Amino acid sequence: MSEVTGVTDATDWRREFAEEARSRRPDLARLCLLIGAVADESVTPADLDAAEIELDRLAGELPYGLREPDDWVAALARLLGGRYGFQGVPADYQRLESSLLHEVLKRRRGLPILLSVVWMEVARRAGAPVYGLGLPGHFVVGFGDASAQVFADPFAGGRPMTGMDAELLVAGATGEPLEPSMLRPADALEIVLRILNNIRAWASPRPERSGVALWAVELSLLLPAHPARLRYEHAELLVQRGEFLAGAAEMEAYASVVDAVEPSAAASIRNRAQAARALLN
């Protein structure tokens, strides 16, 4: 951190993200805020503190003594969806800000998973038995014992959901029935990886935003568990951005890992690395 400006540079944000992700109990809100700090160079430590304070303030506005899951859903829907207008619209899928927690707290708009993070973090601070539910195509929140199936959809302002609603949502997104494994509460790192996946998906059809895709992949690679193929995606992005030697070297390293299980795929990756090196000529 600079002693003159008080602003933390991107390297420090990434280091803090890696340390938090590998801590004994990763803090979901902090990790989400650090994603925003990497995304937005204007973000300062004071901005992150202000976001945490806002979550605390919202939690403090919930009624005292709530016990039943349905009561938590109703109270949070009145507070967040009603009084403060946290919800989503289709246009939010076209904005990078919809995946950045500090922006979602200011705009009160975002993707389902970020609005769910707001709900979870506010509810957790107030003592609610809350968890995230990463259904295919749509993220929602649950309360109480997972078997009770008391859900809410923050994207819809906190609309209560039943188990049947979840089944219909999954069927609409995938054409397949809801599997019991889909109702397993998501942990903090799974949620963070899904957020980063959304950012990569947003950047993918926008070649001019390849830098966004690059930092999203690099943060994903800092998580203790991540898909191995992200290393290849990282290499491809380096080549796309003109870093041919670095990209080729990473492709070759990934090919060495793949070689034992998929020799033909490894050979194809090595050919791609050779082609990347040839771009220097």
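In this predicted model, helix α3 passes helix α6 in a right-handed crossing. Two packed helices are described by the angle between their axes and the distance between the axes. For α3, which spans residues 45-60, and α6, the angle is about 60° and the axes lie 8 Å apart, which makes α3 oblique to α6, because an angle counts as roughly perpendicular only from 65 to 115 degrees. Where the two helices meet, E52, L55, D56, L58 and A59 come from α3, while V118, E121, V122 and R125 come from α6. Sorted by character, the residues of this contact comprise 5 nonpolar and 4 charged ones, with no polar residue among them.

From the helices we can turn to the aromatic rings, of which the structure holds 3 pairs. One of them joins Y93 and F155, whose ring centres are 5.8 Å apart and whose planes stand at 65°, so the pair is edge-to-face. Y93 sits in the loop between α4 (69-83) and α5 (101-107), and F155 in the loop between β3 (150-153) and β4 (159-161), so this pair ties together parts that are 62 residues apart in sequence. Y93 is partly exposed, at 37% relative accessibility, whereas F155 is buried, with a relative accessible area of 13%.

Another pair leads back to helix α6: the rings of W119 and F143 have centres 6.4 Å apart and planes at 65°, so this pair, too, is edge-to-face. Because W119 belongs to α6 (residues 112-125) and F143 to strand β2 (residues 138-143), the pair ties together parts that are 24 residues apart in sequence. W119 is buried at a relative accessible area of 0%, and F143 likewise counts as buried at 0%.

Technical notes. Residues are numbered from 1 along each chain as its sequence is written. This is a predicted model: local features need pLDDT of at least 70, side-chain atom pairs count only at pLDDT 80 or more; totals for chains, interfaces and linings use all residues. Side-chain values use heavy atoms; hydrogens and water are left out. Rings of Phe, Tyr and Trp (its six-membered ring) pair if their centres lie within 6.5 Å; planes under 30 degrees apart count as stacked, over 60 as edge-to-face and the rest as tilted. Helices (H or I, at least four residues) and strands (E, at least two) are DSSP runs, numbered from the N terminus. Buried means under 20% relative accessible area, exposed over 50%, partly exposed in between (1.4 Å probe, protein chains only). Axes are lines fitted to C-alpha atoms, for helices over the stretch in contact, and angles run from 0 to 180 degrees between N-to-C directions. Angles under 35 degrees count as roughly parallel, over 145 as roughly antiparallel, 65 to 115 as roughly perpendicular and the rest as oblique. A crossing is left-handed if the near helix is turned anticlockwise from the far one by less than a right angle, and right-handed if clockwise. Contact means heavy atoms within 4.5 Å. Ala, Val, Leu, Ile, Met, Phe, Trp, Tyr, Cys and Pro count as nonpolar, Asp, Glu, Lys and Arg as charged, and the others, Gly among them, as polar.
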